[in-house]
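New to this one? Here's a quick briefing to read alongside the sequence and the 3D view.

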Amino acid sequence: MIQLRDVILRRGAKVLLDKVSVTLNPGEKVGLVGRNGAGKSTLFALFNGTLHEDGGDFSMPAHWQMAQVAQHMPETEEPATDFVLAGDTRLMAVRARLAQAEAALEAAPDDVDAGMAIAQAHADLHDAGEHDAVPRAQALILGLGFGTEELERPVNSFSGGWRMRLQLARALMCPSDLLLLDEPTNHLDLDALVWLEAWLKRYAGTLIVISHDREFLDAVTDVTLHIENQRLTRYGGNYSAFESMRVLQLEQQQSAFSRQQEKIAHLQKFIDRFKAKASKAKQAQSRVKALERMEKVAPVLAEAEFTFEFKEPANLPNPMLAISEGEFGYRADSGDTRTILRGVSRSVLAGQRIGILGANGQGKSTLVKTIAHDIPVLGGTLTEGKGLNIGYFAQQELDVLHTDSNPLEHMIRLARDVGPQAREQELRNFLGTFNFSGDMVNQAVGTMSGGEKARLVLAMMVWQRPNLLLLDEPTNHLDLATREALSMALNEFEGTVMLVSHDRALLRAVCDEFWLVGRGEVRPFDGDLDDYQQYLLDESRRLRELARAAAAPVRAPAPPPPAPVASPKLRPLQRDLEKIEQRMAALQTEKDSLEAQLAAETDATRIAQTGQRVADLGLQLADLEERWLDISSQIEALA
Ligand SMILES: Nc1ncnc2c1ncn2[C@@H]1O[C@H](COP(=O)(O)OP(=O)(O)OP(=O)(O)O)[C@@H](O)[C@H]1O
Ligand SMILES: [Mg+2]
């Protein structure tokens, strides 16, 4: 049980939580919500012990194993699978113990204790799930959208967003009682997001997840903790339930407040009228006391509305951009190129609103980065309209901010770089329109919350007065109100928008046409978002069938062509596959026979036992099937 009693929490001069009390029970799935800067990540710092309460008590069972996603970018040559595997702290500890005991035995071959320790460690390894640790790690990696050919690639070879996904997989690998996830969906696209939802629903421990994604929260959580105005309130229910309870609560509070205000006015009138009269002084005095004793209902504070707009572009070249036979991809330092998209011929016109769709790793960001001049075009031509002024927003853009400088210094630097001199007051006013108030313009960016940083990047982009907006997952970190503001601003924008986003609501609100990036090409997508979801389903079915076909035994009567020499990696996989098939056949036979027994069984206890066993077998079979699919697609990729 996690318990907060009258907890006070500060950051710098700000009081984020003021005497809050809340209890969370084991096994609960909790969504922690609130505006950008409300103090959600700070509360996580209290949970994980990096910060201490400034008042009150915070307690959590001492034996609880906690897992969380490391916030730093991993820098290592370790293969992805090993990196994720190392998240299993229990297994790693046993392995270390084994290595130690083995070393001890080698040093002193008669050391009986070392022998015992080795035996014990082997038994513990089994309990820690050593036998299927690698497939478990790989299932996490594949689930989060990596390809089978990427399982052994060094962590360093992945881009930032993908490395953070590995960081997430590593946290999920850790056997834990409490899992803390701070905006886990930020680096995910739709497929990976759906996979994560399913994984979290099965997670048995206590989960606390911070997110601004309503659909995700609704799918995963059953308790909502809301931070607002230094208070922390617990609601039983998912995000939607929280919203409706909150509306009710606000209405009630509003009417209680009005009623109390009337009563106060009445008492006050009485006091004022009779204060002067000696005969009534006593009554007046008791009314004064009543007024003092009254527990005041707080007024409902209207949420500060936040809106902004893009400036009218100075000009609108048409076309903005013409791509002819474009080739997009990466050029390594060695000079080797990896082409991801080819034969791209498309133009971008003034005023278009293009949503760029495509599954994981198909090249959406590559396309956008190339247009933004972040990486060079590999072939073909990319012609820009005269006066094209690109506003580029990317996840990595947050790293572009200088942690030691404050928002005002950022704006001064930017204004100097892009245009005529601006007065400091003008910049302050401008920052004010982005909700950076007096104090915050002087706060170092390094201490700001994720959403506050994203808002600053947005402000800087608006200042540059672009006519083509290239937005790659712009809503990450933004709270719902700010997303809403962005959505409205984009709708009013007169220039062209190209948008990559996993935020379905934003895509729906902004885009009126879609490009589909996939299978090495960019094509117009003739349909809406619902058609796209269907396309994703069809696509994953197609891939599964391909995998199955590749793994199916050859049944042709003619002798099969000589098998290609299996690569050393292929053989163990094929052996695994065979083992799984045998195991599945055995389980299936057992399940069939139990089901037959069950149909004839009349004894209640035996029905219960057999039913339980059948259900268990079903689960095991489902697991095996999943692994079978995984391995077949690995084989397909290798073959
Ligand atoms: N060292 C510090 N000095 C001053 N203020 C700080 C410091 N660290 C954090 N803050 C402020 O405390 C507030 C809470 O930050 P926190 O990161 O907990 O917010 P959050 O709720 O997680 O927001 P987001 O949704 O944007 O992630 C923010 O306004 C932030 O600017
Ligand atoms: Mg945060």
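What follows is a short tour by topic.

This is a predicted model, and the protein chain averages a pLDDT of 86. The tour takes in a ligand with 21 residues around it and an open sheet of 3 strands.

**Confidence**
- In the protein chain, 94% of the residues score at least 70 in pLDDT.
- Residues 553-566 are another story: pLDDT stays under 50 there, and the model has 3 contacts for them beyond four places in sequence.
- Where pLDDT is low, the predicted coordinates shouldn't be read in detail.

**Around ligand 1**
- Of the 21 residues that surround ligand 1, the closest are Gly12, Gly37, Ser41, Ser449 and Gly451.
- Strand E2 (14-24), helix H1 (40-47) and helix H15 (450-463) are the elements that each give two or more residues to this shell.
- Sorted by class, the shell has 13 polar, 5 charged and 3 nonpolar residues.

**The sheet and its helix**
- The strands run in the order E2-E1-E4, with antiparallel pairing.
- E2 and strand E4 (55-59) are at the edges with a single partner strand each, so one side of each has no neighbour in the sheet.
- From one strand to the next, the twist averages 30°.
- Strand E1 (residues 2-11) pairs with E4 over 4 bridges; glutamine 3, for instance, has serine 59 in E4 as its bridge partner.
- H1 packs on the sheet and touches E1, E2 and E4, with its direction at about 120° to that of E1.

**Domains**
- The domain assignment gives domain 1 (243-293) and domain 2 (570-638).
- Their C-alpha centres lie 70 Å apart.

Conventions. Residues numbered from 1 in each chain as written. Chains lettered and ligands numbered in written order. Predicted model: local features only at pLDDT ≥ 70, side-chain atom pairs only at ≥ 80, totals over all residues. Near = placed C-beta within 6 Å. Nonpolar A, V, L, I, M, F, W, Y, C, P; charged D, E, K, R; others polar. Domains from an automatic or database assignment. pLDDT = per-residue confidence, 0-100. Contact = placed C-beta atoms within 7 Å. Pairing = 2+ DSSP bridges. Axes fitted to C-alpha atoms, helices over the stretch in contact; angles between N-to-C directions.
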